[in-house]
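Hi,

Here is the structure I promised to pass along. Have a look at it first, and my notes follow underneath.

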Amino acid sequence: MKDKKEFDYFDKPAVKRRLWILLFVVCALSVVPDIFVDRHPHFGFDGFIGFYAILGFVSCAVLILLSKLIGRILKVKEDYYD
Amino acid sequence: MTSAFPPAFILIFGALLIPFFKGKVKNCYVILLPAIAFYMISKVGVGSSWQIHFFGFDLTLLRVDKLSKIFGYIFTLNATVAFVYAFYVKDNNQHMAALFYIGSALGVVFAGDLVSLYFFWEIMAIASTFLILGRKTDKALHAGMRYVLVHIFGGLCLLAGIVIYITQTGSIGFDAMIQRNPATWLILIGILVNAAAPPMSAWLSDAYPEATVSGGVILSAYTTKTAVYTLIRGFPGWEILIVIGCIMTLYGIIYALLENDMRRILAYSIINQVGFMVAGVGIGTAMSLNGAAAHAFCHIIYKSLLWMSAGSVLYMTGKSKCTELGGLYKTMPLTLIFGTIGALAISAFPGTSGFTSKSLIIDGAVHEHLLWVWIVLEIASAGVFLHAGIKFPYFVFFAKDNGLRPGETNKTMLAAMGFMAFMCIFLGVYPKPLYDILPFEVHYQAYSISHVAAQMQLLMLSALVFFLFLPLLKRTDTVSLDTDWFYRKGGKLFYAAMDKGLNGVNSFCNTVFVLNLTTAIGRFFRKGPVKIAKLIIIPVRSILGDDRDKLAAVRARLDQAFETGSHPLGISAIAATLFFVMLFLFY
């Protein structure tokens, strides 16, 4: 028996599930102010509710896929230059 | 003011005294030097200058205005904290290299003319190399050599530009460059090499991650940010910088996403962040220039913090690859918390310094109605959260537990990180002190509900994408090819070509001329005469009716005669006569 139990809070499946839920909730909450606050769209098309949420989602997805694609060409073994 | 003199001197001359100090006193001494310089900069009035006549020029080693002051503040503040972090370092060489490096960076920032700027610029390149070499590994040695070669190239571009510029204008003063001619372009290229603008960017991600633990922290702040300073001073409103800046932001993200080494992730994110500043300089309005300066200020703090936390992990575990790390939250909670604050700040999370500084640049683009610039910068902002904001802490402190149980790092390192984390939040919630020292007057309110909501949407959805796409982001034990391929592989190729080419010609000549031709000539002169004599004499004797035995005897006699050089006098005389007859006939 260990005399002190290790801190492993984030390894627990229940906690992971809770964090997932929290993430979705925060995502949803971040869009809520858009409904009430008078926003100042700068370029006309950026005025609708949740514009930045969509921008964030799409751009990150594209960035990841793009880097994955580029990685196929550019990734080499650690000892490539040796 | 008579008391004002260049703060660079404090660090550079102070560094020379380091060998006289021992133990903890030495560490306290190196902390004190930048702190004194900070105090001095805070006291020196705008408009002060300090000149010296040298090389036939009036060099301005101190030119104080708000722009040089803000960089002076952050350079010395960061140096002080970095030396607290490096309290465990006993190596004189590293301390001296760091002080020379930081001192010359201050020299660049306060230089009022191009000659002294160039002078400090080169000291910076050389001193910083020693922070990489200080790691004392083969990899560091090679990376350091590549690093210094790239910087010598950049320095030569800068020098060529400066020489042409001074010849053309007759002035050595360093102010905004208006004309666009080969001179200013060369200066710009020299500066952009230091700003790590692609394609001359690979030196950063190649060399910084090979530096020592504290060397990495110090390197992350100065080279690229002196370049940002010089751009703000010399090239405001050069549109090409907007394009370069936008490319840098995206380039940094994509490479950071591919990267496995935690310090290399942070190195790429420097390029990404400097991209924001370069774009701000390119936009060139008071607001965006303020943004570039403010962002450089905040960036130095949170980037140092991130390098400190990565450095602590490296210091405690000896590892820096994400594939070998993970699960460290269990034993390094404070490093995790400080590192995460840095990660939030770099992501411009509301309430942190990145939010109050980056907004100035992005709003600068909006005010100029630069639609595409704005979109790229927003996309890049979301991407920052991906690669630096989440990826770095997640793979190092969470993700797959690799069984490392290092324990928390030492107290001075934690204290340094704690202070930087405090600064990140302080400037995030109360940016007024920062706005007050910006080069142009500011009336800016970063916090409004719509702005905070927009940023939160951007970041939270970015986080969601990260975790949804996690299987795609699985770390692999790889490196990614970058532009350094051209000189790393290209250099080898060149060497091989030269090796095969020139050495091939060499060995061909050796075989043909030295080995074969000379021996053939030697053989000819040794054996030739006897063969010729036989060719003439044997047929003649056989016609005269000599049998085989007699001919063999003649052969043997000829051989002997030529070997000993003892010919019957008559034959020699006949041969000589024949020779003269032939000479006479042919000529």
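B:K136 sits in the loop of chain B that links α5 (114–133) with α6 (138–169). Its phi is near 60°, a positive value in a residue that is not glycine. Please keep in mind throughout that this is a predicted model. Is B:K136 buried or exposed? Its relative accessibility is 67%, and over 50% is the mark for exposed, so B:K136 counts as exposed.

B:A348 makes a good partner to look at next. Phi of B:A348 is likewise near 60°, again positive and again in a residue other than glycine. B:A348 belongs to the loop between α13 (333–346) and α14 of chain B. Here the relative accessible area is 2%, and because buried means under 20%, B:A348 is buried.

One more backbone feature for your list: the peptide bond joining B:P198 and B:P199 is cis, with omega about 5°. You will find B:P199 in the loop of chain B that runs between α7 (182–194) and α8 (202–207).

Now to helix packing within chain B. Two packed helices are described by the angle between their axes and the distance between the axes. Helix α11 (residues 262–283) and helix α14 (residues 353–367), both of chain B, pack at about 40° with their axes 10 Å apart. That angle makes α11(B) oblique to α14(B), because it falls outside the ranges for roughly parallel, roughly antiparallel and roughly perpendicular. The crossing of these two helices, α11(B) and α14(B), is left-handed. Which residues of α11(B) and α14(B) meet? From α11(B) come B:F276, B:M277, B:G280 and B:I283, and from α14(B) come B:K358, B:I361, B:G364 and B:A365. By character, the residues of this contact are five nonpolar, two polar and one charged.

A second helix pair brings the two chains together. Helix α2 (residues 51–74) of chain A and helix α15 (residues 371–397) of chain B have axes that come within 9 Å and cross at roughly 70°. An angle of 65 to 115 degrees counts as roughly perpendicular, so that is how α2(A) stands to α15(B). The crossing of α2(A) and α15(B) is right-handed. On the chain A side, the contact is made by A:F51, A:Y52, A:L55, A:G56, A:S59, A:C60, A:L63 and A:I64 of α2(A). On the chain B side, α15(B) contributes B:W374, B:E378, B:I379, B:A382, B:G383 and B:L386. The residues of the contact between α2(A) and α15(B) divide into 10 nonpolar, three polar and one charged.

A:L55, in helix α2 of chain A, is worth a click. What does A:L55 touch, leaving out residues up to four places away in sequence? The answer is B:E378, B:I379 and B:L458. With a relative accessibility of 15%, A:L55 counts as buried, because the limit is under 20%.

Another residue with contacts in both chains is B:S480, found in strand β3 (residues 478–480) of chain B. Beyond its neighbours within four places in sequence, B:S480 is in contact with A:L74 and A:K75 as well as with B:Y255, B:L258 and B:E259. B:S480 is buried, at a relative accessible area of 8%.

On to the nonpolar cores. In soluble globular proteins, nonpolar side chains tend to be buried together. The largest nonpolar core here has 216 residues, and B:F71 and B:L241 touch the most other members. Residues up to four places away in sequence aside, B:L241 touches B:L188, B:L192, B:L231, B:F235, B:V278, B:A279, B:V281 and B:G282. There is also a second, separate core of six residues, which includes B:V530, B:I538, B:L551 and B:L558.

Two last stops are in the early part of the chain B numbering. B:P6 lies in the segment before α1 (7–16) of chain B and counts as buried at 2% relative accessibility. Its contacts, apart from neighbours within four places in sequence, are B:M40, B:W50, B:L61 and B:L62. B:I36, in helix α2 (residues 23–43) of chain B, counts as partly exposed at 39% relative accessibility. Its C-alpha atom is separated by 9.3 Å from that of B:T80, 44 residues apart along the chain.

Happy browsing, and best wishes

Notes. Residues numbered from 1 in each chain as written. Chains lettered and ligands numbered in written order. Predicted model: local features only at pLDDT ≥ 70, side-chain atom pairs only at ≥ 80, totals over all residues. Heavy atoms only, no water. Axes fitted to C-alpha atoms, helices over the stretch in contact; angles between N-to-C directions. Helix = DSSP H or I, 4+ residues; strand = E, 2+ residues; numbered from the N terminus. Parallel < 35°, antiparallel > 145°, perpendicular 65-115°, else oblique. Left-handed = near helix turned anticlockwise from the far one by under 90°. Contact = heavy atoms within 4.5 Å. Nonpolar A, V, L, I, M, F, W, Y, C, P; charged D, E, K, R; others polar. Core = buried A, V, L, I, M, F, W, Y, C linked by side-chain atoms within 4.5 Å. Buried < 20%, exposed > 50% of the residue type's maximum accessible area, 1.4 Å probe, protein only.
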